[in-house]
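Dear colleague,

Please find below the structure I said I would pass on, followed by some notes on what turned up in it.

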Amino acid sequence: MDHPAAIPGAPSAETPAELTHEPTHVVELHPQGWRFEAPESQTLLLAALDHGLRLPHSCRNGTCRACIAKLVSGSIAYRIEWPGLSREEKDEGWILPCVACARSDLVLDQPQTINLFDVPPPVLPPRPRQGEREG
């Protein structure tokens with residue numbers, strides 16, 4: 001099986017972004033105010049996941065639109081030529097973080113983001129006491 005060629009200068013497991021001097025940008029998520037760093041060679045979706053922030057997603061290739069977010073400020077570049085957005089949506093500032101890479105510091109409006117390190121435990125129904133019957 002052929003493997004795709006690596007992006008020149010992109011960090012790998014052996015060479016993290018800090019060792020390659022790759023440009024990184026700060027991304028702030030609204031309305032939560034959470035922030036993370038995104039290397040230019042990594043999609044916003046994967047950079048967020050690396051920092052414990054789960055943006056909505058499904059396909060990871062720009063077609064399903066599950067990750068759609070509003071770009072409030074900043075500049076991005078897409079990994080694919082034409083992501084699944086209309087010209088009007090692009091003009092209104094909508095982006096697909098699964099195929100978008102930061103080119104400056106960003107502010108994104110993505111209220112459905114979940115902080116994986118701050119998830120409350122699930123609420124479970126109370127168990128019946130020993131000797132009581134469920135009813």
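**Strand pairing, core and confidence**

In this predicted model, strand 4 and strand 6 (residues 94–95) run antiparallel and are joined by 2 bridges, where strands (E, at least two residues) and helices (H or I, at least four) are DSSP runs numbered from the N terminus, and two strands pair if DSSP finds at least two bridges between them. Lys70 stands opposite Trp94 of strand 6. Strand 4 also pairs with strand 8, again in the antiparallel sense, over 3 bridges, and there Ser73 faces Val107.

The largest nonpolar core (buried Ala, Val, Leu, Ile, Met, Phe, Trp, Tyr and Cys residues joined through side-chain atoms within 4.5 Å; buried means under 20% relative accessible area, with a 1.4 Å probe and protein chains only) has 23 residues, and Val27, Phe36 and Leu44 have the most contacts inside it. Helix 2 gives the most to this core, with 4 residues. Beyond four places in sequence, Leu44 is in contact (heavy atoms within 4.5 Å) with residues including Val27, Phe36, Ile76 and Leu108.

As for confidence, pLDDT (the predictor's confidence in each residue, from 0 to 100) averages 84 over the chain, with 79% of the residues at 70 or above. Strand 4 (residues 69–73) has the highest mean, at 98, and helix 1 (residues 17–20) the lowest, at 58. Over residues 1–15 pLDDT stays under 50. Where pLDDT is low, the predicted coordinates should not be read in detail.

Residues are numbered from 1 along each chain as its sequence is written, and side-chain values use heavy atoms, leaving out hydrogens and water. Local features need pLDDT of at least 70 and side-chain atom pairs count only at pLDDT 80 or more, whereas totals for chains, interfaces and linings use all residues.

Best wishes

Conventions:
Buried means under 20% relative accessible area, exposed over 50%, partly exposed in between (1.4 Å probe, protein chains only).
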